[in-house]
Amino acid sequence: MKLGEELRAVKDIYPAIADLLEAAAQRIEDQRQWRDAWLKAERKVELLTSEQNLLRSIRLHRKEKECND
């Protein structure tokens, strides 16, 4: 292969590499967004669980108070 042909071949490869890098960057961004959404959902579940536990505790104390009265 002559030098000119090799140069053209390399130039043809660069756009393909750029496309691969762009696709990889997009996958990384998608994974980051998915992870952020997952962490937000986990925090929401923890908050709801905490609220549920508080409400159970309040209800239990009310029942105990009613039984003692």
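In this predicted model, Arg32 is partly exposed, showing a relative accessible area of 40%. That leaves its side chain in the middle of some charge pairing, with Glu29 on one side of the sequence and Asp36 on the other: together, Glu29, Arg32 and Asp36 are linked in a network of salt bridges. Side chains of opposite charge can pair when their charged atoms come close. The contact between Glu29 and Arg32 has its closest N and O atoms 2.6 Å apart. The second contact joins Asp36 to Arg32, at 2.7 Å from N to O. These make up the full tally, since the count comes to two salt bridges under a cut-off of 4 Å between a side-chain nitrogen of Lys or Arg and a carboxyl oxygen of Asp or Glu.

The spacing along the helix goes with this arrangement. Glu29 and Arg32 sit three residues apart in helix α1, which covers residues 3–68, so about one helical turn separates them. Asp36 and Arg32 are four residues apart in helix α1, and that again amounts to about one helical turn. As for solvent, Glu29 comes out as partly exposed at 29% relative accessibility, and Asp36 lands in the partly exposed class too, at 32%.

The aromatic side chains give a shorter list, with a count of one aromatic pair. Trp34 and Trp38 are the partners, and their rings are stacked, lying 5.5 Å centre to centre with 15° between the planes. The planes count as stacked because their angle falls under the 30 degrees set for that class. Both tryptophans belong to helix α1, where they are four residues apart, or about one turn of the helix. Their exposure falls into two classes: Trp34 is exposed, with a relative accessible area of 57%, while Trp38 is partly exposed at 47%. The cut-off for exposed is over 50%, which is why Trp34 makes that class at 57%.

Towards lower residue numbers, the surface carries a nonpolar patch. Val10, Ile13, Tyr14, Ile17 and Leu21 form it, and together they offer about 500 Å² of accessible area. One of these residues, Leu21, has its place in helix α1 and is exposed, with a relative accessible area of 58%.

Turning to the overall fold, the protein has one helix and zero strands. Its radius of gyration is 30 Å, well over the 11 Å that the globule rule gives for 69 residues, so the protein is more spread out than a compact globule. The C-alpha atoms fill a box of roughly 100 × 10 × 5 Å along the principal axes. Distances along the chain can be put in numbers as well: the C-alpha atoms of Lys40 and Pro15 are 37 Å apart, with their positions 25 residues apart in the sequence. Lys40 itself is found in helix α1, and its 56% relative accessibility puts it in the exposed class.

The surface totals round off the picture. Of the 69 residues, 0% count as buried, buried being the class under 20% relative accessible area. The accessible surface of the whole protein comes to about 6800 Å², and carbon and sulfur atoms account for 59% of that area.

How values were computed
Residues numbered from 1 in each chain as written. Predicted model: local features only at pLDDT ≥ 70, side-chain atom pairs only at ≥ 80, totals over all residues. Heavy atoms only, no water. Helix = DSSP H or I, 4+ residues; strand = E, 2+ residues; numbered from the N terminus. Buried < 20%, exposed > 50% of the residue type's maximum accessible area, 1.4 Å probe, protein only. Patch = residues over 30% accessible without salt bridge, like charges linked within 9 Å, V, L, I, M, F, W, Y side chains within 5 Å. Areas by Shrake-Rupley, 256 points an atom, 1.4 Å probe, with all protein chains shown as cover. Phe/Tyr/Trp six-rings, centres within 6.5 Å; stacked < 30°, edge-to-face > 60°. Rg over C-alpha atoms; globule rule 2.2 N^0.38 Å.
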